[in-house]
Amino acid sequence: MSLVTLVSGGLDSTLMSLIAQEEGVELNPLFIDYGQLGAAREWTACKHLHDRHGLPLVTKMDISGFGKVVPCGITNTAMRINEDAFLPGRNLLLLLCGAAFAYSNQADGVAIGLLNPKNSLFPDQTCDFLSKAEAMIEATMKKRISVIAPLIEFTKADVLSLAATRGLRDTYSCHAGGKEPCGQCVACIEIENAEERS
C-alpha cells in the first residue's frame with residue numbers, strides 16, 4: 001500500500017508517518033503551506049524530523065494565497081489566535097491537494113492526522129466528514145483514493161504516550177508561528193491539557 005501522508009512537522013502527523021512506516025506502508029509525504037503563521041517553522045521541523053527518523057523526503061506544495069484571501073486566527077495576526085482559529089474548508093483543501101498528489105504518484109490513498117472526534121472543535125474533524133470527502137474526491141477524479149485517519153481513535157494523551165515510546169521530539173505545533181509555543185492557541189492548549197491529564 002502507498003499513501004500520501006499530510007505532514008506538518010507536528011506531533012500528530014509525524015507519529016502517523018512513523019506508525020505507517022513501521023507497518024511497511026510506502027510513504028509520499030506532502031507538506032502544504034496554506035498561509036498558516038507557523039509555515040516556515042513547521043516546514044523546517046518537518047524536514048528535520050523526516051531526516052532524523054529515516055522517513056522519505058517531503059514534497060512542499062505552496063497554496064499560501066488561500067490563507068491570505070480567507071483569513072483566520074492561524075493565518076492572520078490581526079485576528080484572535082484561538083477564538084478565530086477555524087479556517088473554513090482547511091481539511092477538505094488539504095485532502096484534495098493530497099489526493100491530487102496521490103493521483104499523480106499512483107498512490108492508493110491520503111492520510112491525515114486527525115484525532116478522536118469526541119474532542120473535535122470543528123466540523124471538518126469528524127468521521128462523517130472523512131467519508132464524504134472520500135466520496136467527493138472519487139467523484140472529482142473518477143478514481144478511488146482512500147481517505148484515512150490512522151489516529152482517529154486516539155486522544156492527544158495517547159499520541160503523547162506513543163510518541164514518547166518512539167523517541168519523537170522537537171515537533172512544532174504552535175499556530176502562532178513563534179520560536180517558543182505561545183500557550184494560547186488551540187494546538188498549545190490541547191497538548192498542555194493532555195500533559196496535565198496524563
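**View 1. Asp-33 meets its bridge partner in strand 3.** In this predicted model, Asp-33 has Asp-62 of strand 3 as its bridge partner. Strand 2 covers residues 26–33. It pairs with strand 3 in the parallel sense, over 4 bridges.

**View 2. Five strands make an open sheet.** The sheet holds 5 strands in the order 3-2-1-4-5. Their pairing is parallel. Strand 3 (59–62) and strand 5 (146–148) stand at the edges. Each has a single partner strand, so one side of each is left without a neighbour in the sheet. From one strand to the next, the twist averages 25 degrees.

**View 3. Helix 4 packs on the sheet.** Helix 4 spans residues 90–104. The helix touches strand 1 (2–6), strand 2, strand 3, strand 4 (109–111) and strand 5. The direction of helix 4 makes about 135 degrees with that of strand 2.

**View 4. The largest nonpolar core has 30 residues.** Leu-6, Leu-95 and Leu-130 have the most contacts inside this core. Strand 1, strand 2, helix 4 and helix 5 (127–141) each supply at least two of its residues. Which helix gives the most to this core? Helix 4 does, with 7 residues.

**View 5. Leu-6 and its contacts.** Neighbours within four places in sequence are left aside here. Leu-6 is then in contact with Ser-13, Met-16, Leu-30, Ile-32, Leu-94 and Leu-95, among others. The list also includes Gly-98, Val-110, Ala-111 and Ile-112.

**View 6. Another core lies apart from the largest one.** This core has 24 residues. Among them are Met-16, Val-25, Ile-81 and Ala-111. Met-16 and Ala-111 are also among the contacts of Leu-6.

How values were computed: Residues are numbered from 1 along each chain as its sequence is written. This is a predicted model: local features need pLDDT of at least 70, side-chain atom pairs count only at pLDDT 80 or more; totals for chains, interfaces and linings use all residues. Side-chain values use heavy atoms; hydrogens and water are left out. Two strands pair if DSSP finds at least two bridges between them. Axes are lines fitted to C-alpha atoms, for helices over the stretch in contact, and angles run from 0 to 180 degrees between N-to-C directions. Contact means heavy atoms within 4.5 Å. A nonpolar core is a set of buried Ala, Val, Leu, Ile, Met, Phe, Trp, Tyr and Cys residues joined through side-chain atoms within 4.5 Å. Buried means under 20% relative accessible area, exposed over 50%, partly exposed in between (1.4 Å probe, protein chains only).
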